[in-house]
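Student: I have a new structure to look at. Can you walk me through some of it?
Tutor: Sure, put it up and ask away.

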Amino acid sequence: MGPGPLRTALLYLVTLAVTVAVLLPLSAVLPGFALADIPSAAAGVALIGVLNALVRPLIVRLTLLLDLLTFGVPGLMLNGLLVLLAAAVVPGFEVDDLPSALVLSVVLAICTASATAIVLHGPSREAHQYAAIRRFARRQPHRTHPEPPGLILIEIDGLAEPVLRRAIAAGYLPTLRRWVESGSHRLVAWETSLPAQTSAMQAGILHGRHFAIPGFRFYDKARRRLLVSNRLGDAALILAPNLNGQGLLCQQGFSLNNWAHGDAEQVVLNFTTVGDKRRGVIPQAENLYGYFAQANAFQLAVLGMLVEIGVELWEGWRQRLRNVQPRVSRGFPYPLVRAATTVLLPRLSQHLLVQKMFEGVSICYTTLLSYDEVAHRAGIERPDSLRILRQIDRQLRLIADAAAVTERRYEIIVLSDHGQSQGATFRQRYGQRLEELVATLVATPARLPASFSESDEGLAHLNLAVTELMTEPGWRGRFLSWLFRRRNPSSGKDLGEPADVIVCPSGNLAHVYLLVFPGRASLEQLLTHYPQLVAGLRDHPGIAFVLVHSEREGPVVLGKHGVHRLASGEVQGEDPLAPFGPHAARHLVELARYPNCGDLVVNSVYDPQSGEVAAFEELVGSHGGLGGPQNQPFLLYPAWLDDGRPPLLVGASQVYQQLRAWQARLAAGGAVRTAEPSSSARAPDHIPAVPVEAGGSWLARLYTGKR
């Protein structure tokens with residue numbers, strides 16, 4: 001599938017001509033670089049190409065781990081040294097120092113990429129890109145009987161279905177637009193359960209359930225420990241209650257850059273498998289080597305990161321100049337994190353995923369983080385975020401084109417685990433954070449933990465990569481562990497002095513834990529010990545409802561003008577859940593059953609007209625609770641799979657069941673009926689409760705003078 005010998009020769013000639021044409025004027029302006037004539041320039045460029053082909057692959061094997069840890073600094077230094085070596089050999093090709101050599105190496109990479117774009121266009125250009133990956137893929141024996149089609153699942157983190165539809169219509173995703181308009185794929189929305197965030201929803205999608213994951217961060221009273229989803233020492237504990245060996249990827253699967261692993265045999269960059277020496281970056285070192293050994297790939301990636309940092313600084317400045325509202329701080333280290341999550345991680349992930357497709361793996365699941373990372377701070381449909389969707393579309397096109405040339409046929413499904421809802425934050429609207437409000441309402445000297453850092457999934461993924469590399473056996477792993485351990489904490493000792501009250505936000509949802517109670521506090525206990533707390537939260541203009549547990553009635557949702565008793569479904573006054581859709585009660589029933597659910601669960605105000613919420617974190621785009629596009633992720637799949645009956649999916653467990661049904665259909669090679677929703681995804685069972693009079697004591701105390 002290569003470009004052919006004639007076109008390959010033309011490529012090399014054009015590359016040489018373009019490079020020489022660029023280097024001649026560059027030698028007049030770049031200090032430390034001089035060219036005598038055109039033959040000297042051509043000889044120098046040719047020798048650098050030979051050295052890259054012969055020497056670079058050998059040295060990369062020795063420096064691979066440091067390349068990963070330092071964003072390719074050893075590789076860049078190697079490029080500069082090869083330029084210096086060529087300058088020492090070729091007369092008239094003079095480079096005086098390493099900085100000049102590094103500049104030249106980047107220029108050479110750009111020239112090579114430009115020449116490729118000139119000579120190899122359309123399918124031939126794509127085939128040339130796959131050739132470098134194919135060379136490093138393990139050769140599979142010829143299959144006399146073709147295997148059934150494989151399945152590629154690509155998650156675009158944080159992208160809501162209505163946002164996706166508008167982006168497709170506006171031309172930001174031409175590949176997906178072509179799939180939808182041609183009828184090859186069908187796009188549908190599904191509804192998240194709670195909490196609407198990655199650890200819970202991805203556990204549901206990949207393992208069929210997300211029991212005992214009440215939020216991105218939550219407090220375990222039994223362990224007396226704060227658990228945070230993207231903290232490496234906590235993720236495995238959080239996922240453990242949902243493991244049964246029946247994950248979506250349990251049959252020859254590959255999990256890449258995900259939170260949950262889906263029981264995959266091969267796992268790379270996963271929060272829940274850190275420390276497992278059978279999984280992670282190290283077992284995939286040979287595949288990563290194939291990326292770093294390419295002479296120009298990493299220079300272009302680093303150049304792309306530098307450009308992305310500049311773009312982020314410009315976009316943040318432009319928001320401030322235009323006084324775009326709402327907005328949040330976008331200072332360092334966020335620009336660096338954005339560059340890594342929108343340039344470096346996507347390219348590495350794309351390389352590994354396509355390589356596994358060439359190897360013939362049965363099923364792959366990978367997460368693309370870039371949109372979610374940018375939308376959190378820029379906004380869900382602002383130009384900054386929509387530009388990232390163009391990058392994602394190019395990734396999807398490359399993966400789809402690669403699937404067309406692999407020996408095994410693949411079907412591609414694109415989905416999201418949740419969306420995001422936009423709005424000014426709770427602090428921006430009301431001048432205080434939620435934990436500060438709670439502190440004023442408990443009417444005792446409460447010691448609250450320091451404000452939690454926001455859900456920076458990009459930074460956490462970089463930390464994950466460092467930690468996986470430190471698990472390598474031998475002196476290199478021990479050295480890296482010593483070098484980075486102090487900067488890579490994995491346990492949750494971040495509360496400082498013991499706190500009386502702990503507030504754990506997840507977007508516009510928050511759990512409030514009162515540690516004076518060993519177990520979950522009841523509504524009756526709260527009214528006795530903290531008489532201002534429940535009413536103060538319920539009546540606050542930034543809060544839509546409060547979920548509490550009554551000793552007599554079970555879980556109860558309190559709004560400003562009404563009560564929803566989840567056990568019986570009885571509503572008194574105005575239903576506080578009415579703005580949140582017909583399944584809101586179901587989701588809250590499930591959440592209330594989790595052993596680590598807060599003593600109080602708070603959901604922010606929600607405007608159905610604008611779709612805006614008031615996040616308890618300092619994020620413009622947020623997710624975690626109920627309200628708006630955050631609860632409307634999407635599923636884009638080959639149309640032939642549904643037999644003309646698009647699925648109506650409520651909850652991540654139903655998505656799991658649907659994907660398992662499609663996986664079975666592909667494996668069988670014939671028609672398999674779409675699975676009915678699993679029992680775990682059906683409407684919640686009735687919760688026994690002791691009925692009370694409408695004027696019961698706790699209700700009267702809460703609503704005296706309010707109705």
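Student: Which residues does R408 touch, not counting residues up to four places away in sequence?
Tutor: Keep in mind that this is a predicted model. R408 touches E147, P148, P149 and G150. It also touches G360, V361, S362 and A403.

Student: Where is R408 found?
Tutor: In the loop between α15 and β10, where β10 is 410-415.

Student: Is R408 buried or exposed?
Tutor: Buried. Its relative accessible area is 7%, and the cut-off for buried is under 20%, so R408 qualifies.

Student: What lies 2.8 Å from a polar atom of the R408 side chain?
Tutor: The backbone oxygen of G360. G360 is also among the residues that R408 touches.

Student: Back to α15. At what angle do α14 and α15 pack?
Tutor: About 175°, with the axes 9 Å apart. Helix α14 covers residues 370-378, and helix α15 covers residues 383-403. Angles over 145 degrees count as roughly antiparallel, so that is how α14 runs relative to α15.

Student: Which residues make the contact?
Tutor: From α14, S370, Y371, V374, A375 and A378. From α15, D384, S385, I388, L389 and I392.

Student: How do the residues of that contact divide into nonpolar, polar and charged?
Tutor: Seven are nonpolar, two are polar and one is charged.

Student: New topic. How many residues of helix α9 are buried?
Tutor: Ten of the ten, so α9 is largely enclosed by the rest of the structure. The helix spans residues 198-207. Its buried residues include M201, I205 and L206, along with Q202 and H207.

Student: What comes just after α9?
Tutor: G208, which takes a positive phi of about 90°.

Student: And helix α22, how many of its residues are buried?
Tutor: Seven of the ten in residues 584-593, so α22 is also largely enclosed by the rest of the structure. The buried ones are A584, R586, H587, L588, V589, L591 and A592.

Student: What covers the buried residues of α22?
Tutor: The cover includes the strands β13 (509-514), β14 (543-550), β15 (554-558) and β18 (600-604). Helix α23 (652-668) is part of it too.

Student: Now the whole chain. How many helices and strands are there?
Tutor: 24 helices and 22 strands. The chain has 707 residues, and 59% of them count as buried.

Student: How much area does the chain expose?
Tutor: About 28,000 Å². Carbon and sulfur atoms supply 58% of that.

Notes
Residues numbered from 1 in each chain as written. Predicted model: local features only at pLDDT ≥ 70, side-chain atom pairs only at ≥ 80, totals over all residues. Heavy atoms only, no water. Axes fitted to C-alpha atoms, helices over the stretch in contact; angles between N-to-C directions. Helix = DSSP H or I, 4+ residues; strand = E, 2+ residues; numbered from the N terminus. Parallel < 35°, antiparallel > 145°, perpendicular 65-115°, else oblique. Contact = heavy atoms within 4.5 Å. Nonpolar A, V, L, I, M, F, W, Y, C, P; charged D, E, K, R; others polar. Buried < 20%, exposed > 50% of the residue type's maximum accessible area, 1.4 Å probe, protein only. Areas by Shrake-Rupley, 256 points an atom, 1.4 Å probe, with all protein chains shown as cover. Polar contact = N/O pair within 3.5 Å; in protein donor to acceptor, adjacent residues only side chain to side chain.
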